[in-house]
Amino acid sequence: MSSTALIYDPLYLAHTMPGHPENSQRLTVARDVLDREGLLDRLAHPPARDATLDEIGAIHEPAYIQRVQQVAQGGGGWLDADTYVVAASYDAAVRAAGGLLTAVEQVLDGTATNAFGLVRPPGHHALANRGMGFCLFNNIAIAARYAQAAYGLDRVMIVDYDVHHGNGTQDSFYRDESVLFLSTHQYPHYPGTGYFDEIGAGPGAGYTVNVPLRAGVGDAGFARVCDEVIGPVARRFQPDLLLVSAGYDAHWSDPLAGLTLSINGGYFPLAQYMVRLADELCQGRLVYTLEGGYELEAVGYAIAATFRALLGDATAADPLGPSPRAERPVDDVIETVRRTHKL
Ligand SMILES: [Zn+2]
């Protein structure tokens with residue numbers, strides 16, 4: 001009997017700034033949709049723990065961790081033009097990273113089949129010594145290292161389908177052949193990285209896979225990327241655990257970007273694909289984390305659709321419907337990625 005865990009903590013709402021796109025409403029709306037859809041009752045709700053300094057320190061420099069703490073203790077401030085810190089942000093970020101460690105524990109202890117850390121602040125832009133792009137600590141990178149250190153896993157695969165390139169996660173494992181990072185993202189776009197030729201370095205060469213997509217790519221393009229890139233890369237790598245940085249800002253309605261995924265034709269089958277891949281390659285061990293996504297209704301229903309995929313449901317609700325814009329083809333992108341990585 002499979003089970004799905006949702007990791008959430010009210011502290012994730014304390015890091016917020018009204019008027020900023022990355023605010024606490026993203027989670028309150030998502031929880032409302034999960035509740036209305038009857039999903040909360042079908043999930044396990046283990047309490048999120050805090051990450052330790054050592055666990056965060058596996059990815060971030062001590063001076064940076066201290067800086068975030070000091071800015072928060074001083075009442076808040078900005079790490080860059082986009083990235084705010086308020087008084088509660090350090091505690092929220094420590095528990096966001098810790099919540100994802102709880103998710104990893106649930107899955108690797110066998111308590112849950114799969115898990116979703118509905119955490120904030122997000123993480124995938126955060127670098128070892130610098131927060132950026134709304135991100136303080138790189139939750140998924142910390143989780144990948146923890147899975148290796150605490151459970152002895154050899155190979156962890158991270159798929160990042162936020163509309164923005166996960167530059168912080170890429171950077172964390174760029175020279176590492178034990179963590180494969182695969183990102184689909186709009187390109188050119190923020191933060192500017194993630195071109196085909198960023199493939200890793202040294203022993204990590206070939207273990208970073210970038211799929212840069214032009215604005216307009218949507219459901220059909222992502223289905224092809226799954227079948228022709230993500231699947232073949234995963235089967236060659238043979239991960240012991242699959243982690244997903246789920247950004248819902250690739251939805252067609254998102255105000256900050258221009259990809260055109262829908263929920264029913266895009267996010268739902270994408271999550272179903274991840275479930276199938278984890279079933280095929282790593283006993284179903286799959287851990288999701290929330291990154292971006294700024295159109296509140298789309299975020300809420302896309303998260304609900306993701307939970308339905310994790311639970312094995314055959315259908316999901318999509319009140320927003322398909323993209324009103326025509327889709328851009330991806331033939332050239334897929335050909336270039338397959339040639340770059342000899343797929
Ligand atoms: Zn994003």
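**Exercises on a predicted protein chain**

The protein chain comprises 10 helices and 9 strands. The model is predicted.

**Exercise 1.** Determine how the radius of gyration of the protein chain relates to the globule rule.

*Solution.* The radius of gyration is 18 Å. For 343 residues the globule rule gives 20 Å, and the two values are close. The chain is therefore as compact as a globular protein of that length. Along the principal axes, its C-alpha atoms fill a box of roughly 50 × 50 × 40 Å. Of the 343 residues, 57% count as buried.

**Exercise 2.** Establish whether the residues of strand 7 (residues 208-213) are buried or exposed, and describe the pairing with strand 6.

*Solution.* Begin with the two faces of strand 7: Thr208, Asn210 and Pro212 point one way, while Val209, Val211 and Leu213 point the other way. Residues on both faces are buried. Since 6 of the 6 residues are buried, strand 7 is largely enclosed by the rest of the structure. Next, consider the pairing: strand 6 (residues 179-186) runs parallel to strand 7, with 6 bridges between them. Within this pair, Gln186 stands opposite Leu213.

**Exercise 3.** Characterise the packing of helix 7 (residues 219-237) against helix 8 (residues 263-281).

*Solution.* Two packed helices are described by the distance between their axes and the angle between them. The axes of helix 7 and helix 8 come within 10 Å and cross at roughly 15°. Angles under 35 degrees count as roughly parallel, so helix 7 is roughly parallel to helix 8. Their crossing is right-handed. Residues at the contact include Phe222, Ala223 and Cys226 in helix 7, and Pro269, Leu270 and Tyr273 in helix 8.

Key. Residues are numbered from 1 along each chain as its sequence is written. This is a predicted model: local features need pLDDT of at least 70, side-chain atom pairs count only at pLDDT 80 or more; totals for chains, interfaces and linings use all residues. Helices (H or I, at least four residues) and strands (E, at least two) are DSSP runs, numbered from the N terminus. The radius of gyration is taken over C-alpha atoms; the globule rule is 2.2 Å times the number of residues to the power 0.38. A residue is buried if 20 or more other C-beta atoms lie within 10 Å of its own, exposed if 12 or fewer, and partly exposed in between; C-beta atoms are placed from the backbone. Two strands pair if DSSP finds at least two bridges between them. Axes are lines fitted to C-alpha atoms, for helices over the stretch in contact, and angles run from 0 to 180 degrees between N-to-C directions. Angles under 35 degrees count as roughly parallel, over 145 as roughly antiparallel, 65 to 115 as roughly perpendicular and the rest as oblique. A crossing is left-handed if the near helix is turned anticlockwise from the far one by less than a right angle, and right-handed if clockwise. Two residues are in contact if their C-beta atoms, placed from the backbone, lie within 7 Å.
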